[in-house]
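Dear colleague,

Please find the structure below, with its sequence. My notes on the helix packing, the sheets and a few backbone details follow it.

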Amino acid sequence: HKDLIGLRDLSKEEILSFIDLAKEFKALNNSDVKKSPSLHGKTVINAFYENSTRTRVSFEVAAKRLGADAINFSSSQSSSKKGETLVDTIRNMEAMKTDIFVLRHPNSGAAHFVAQNSDASIVNAGDGLNEHPTQGLLDLFTILEHKGSFENLTVAIIGDILHSRVARSDIWAMRKLGINVKLFGPPMMLPVHMEVFDCHVCSSMEEAVEGSDVIIMLRIQLERQDGNPFPSVREYSKFFGLTSTRMKLANKNAIVLHPGPINRGVEMNSDVVDNKDYSVILNQVENGVAIRMAVLHTLNLYRKSRNA
Ligand code: CP
């Protein structure tokens, strides 16, 4: 494909091939030199219309490790503040011979729309509530590393599912891989049509955690709720937070993931976040670089074959 817009669009084989390639890039990242020339001479622009730490920096690191020129564009300091449209902005930067754009945008569908209106490759780095495909891939890579296989696996995704593009990418991919997915969150933070996900919806934290091999905790997205969520932060922590006591209900050797940034003391207590027995949150961040290298490398191969 020219672009990576979402995991809903990919086959099981395509998802697994990104993970296989990421294993090779992870080995490179753990070597002495950490460089591969596969994107030498190419230009990658990170076009971010929303804040980011992990995704923006790891795409920049990934592009540089592959030898590309990596440029960061921040909408807050750009002419979009003067009213320039998204497509005009991308086309102007494309005129500078940009090969790949990594786009984060607050509106669902923005990456798809830009991809239809640009010859450059577009990687969706999170579009509104829709998808965050590289986060989904790095979650799967991390789960595979710790669990050895996707077979007979139960994953609980807990929290603010309504606002979570991470949850959507995880769910679409996990269902394709045959993973058993349980969902739980405050009723007002669940999408209306939960049936489209074909997942079991739990009615308590205890039900969600019990029998799970993997627990993915989501951030309560205060910025999408005017900073004034219902339930309140205190209630959220009590009824929907992951504690070390609740972790005892999970399966033996269960692991805990979180896409970050974490609201410590809200969706998770610090003794869970920092517990080295089961928290793999920083492994996710490490794997994010390798996954993004795999994605940039694959899109570049497609571009080469198209131009041959
Ligand atoms: N997980 C994630 O997307 O984090 P950032 O918003 O910091 O990129």
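**Helices against α11**

Helices α5 and α11 are oblique to each other, because their angle falls in none of the other classes (under 35 degrees counts as roughly parallel, over 145 as roughly antiparallel, 65 to 115 as roughly perpendicular, and the rest as oblique). The axes of α5 (residues 133-147) and α11 come within 8 Å and cross at roughly 120°, where axes are lines fitted to C-alpha atoms, for helices over the stretch in contact, and angles run from 0 to 180 degrees between N-to-C directions. The crossing of α5 and α11 is right-handed, that is, the near helix is turned clockwise from the far one by less than a right angle, whereas an anticlockwise turn would make the crossing left-handed. The contact is made by T134, L137, L138, D139, F141 and T142 of α5 and by N283, Q284, N287, G288, I291, R292 and V295 of α11, two residues being in contact if their C-beta atoms, placed from the backbone, lie within 7 Å. By class, these residues are five nonpolar, six polar and two charged (Ala, Val, Leu, Ile, Met, Phe, Trp, Tyr, Cys and Pro count as nonpolar, Asp, Glu, Lys and Arg as charged, and the others, Gly among them, as polar).

Before going further, please note that this is a predicted model, in which local features need pLDDT of at least 70 and side-chain atom pairs count only at pLDDT 80 or more, while totals for chains, interfaces and linings use all residues. Residues are numbered from 1 along each chain as its sequence is written. Helices (H or I, at least four residues) and strands (E, at least two) are DSSP runs, numbered from the N terminus.

Helix α1 (residues 12-29) also meets α11 (residues 281-307), with axes that come within 8 Å and cross at roughly 120°, and this crossing is right-handed. On the α1 side the contact includes F18, L21 and F25, and on the α11 side it includes V289, M293 and H297. The contact of α1 with α11 has ten nonpolar, four polar and one charged residues.

**The two sheets**

An open sheet of four strands has the order β2-β1-β3-β4, with parallel pairing (two strands pair if DSSP finds at least two bridges between them). Strands β2 (69-74) and β4 (121-127) stand at its edges with a single partner strand each, so one side of each is left without a neighbour in the sheet. The twist averages 15° from one strand to the next. Within this sheet, β1 (residues 43-48) and β3 (residues 100-105) pair over five bridges, and F48 has R104 of β3 as its bridge partner.

An open sheet of five strands follows the order β7-β6-β5-β8-β9, again with parallel pairing. Its edges are β7 (200-201) and β9 (255-257), each with a single partner strand, so one side of each lacks a neighbour in the sheet. Strands β6 (residues 180-184) and β7 pair over two bridges, with L183 opposite V201 in β7. Helix α6 (residues 165-176) lies across β5 (154-158), β6 and β8 (214-217), and runs at about 160° to β5.

**Backbone details**

Most residues other than glycine have a negative phi, and most peptide bonds are trans. K97, which is not a glycine, has a positive phi of about 70° and is found in the loop between α3 (86-94) and β3. A cis peptide bond, with omega about -5°, joins G260 and P261, and P261 lies in the loop between β9 and α10 (270-273).

With best wishes
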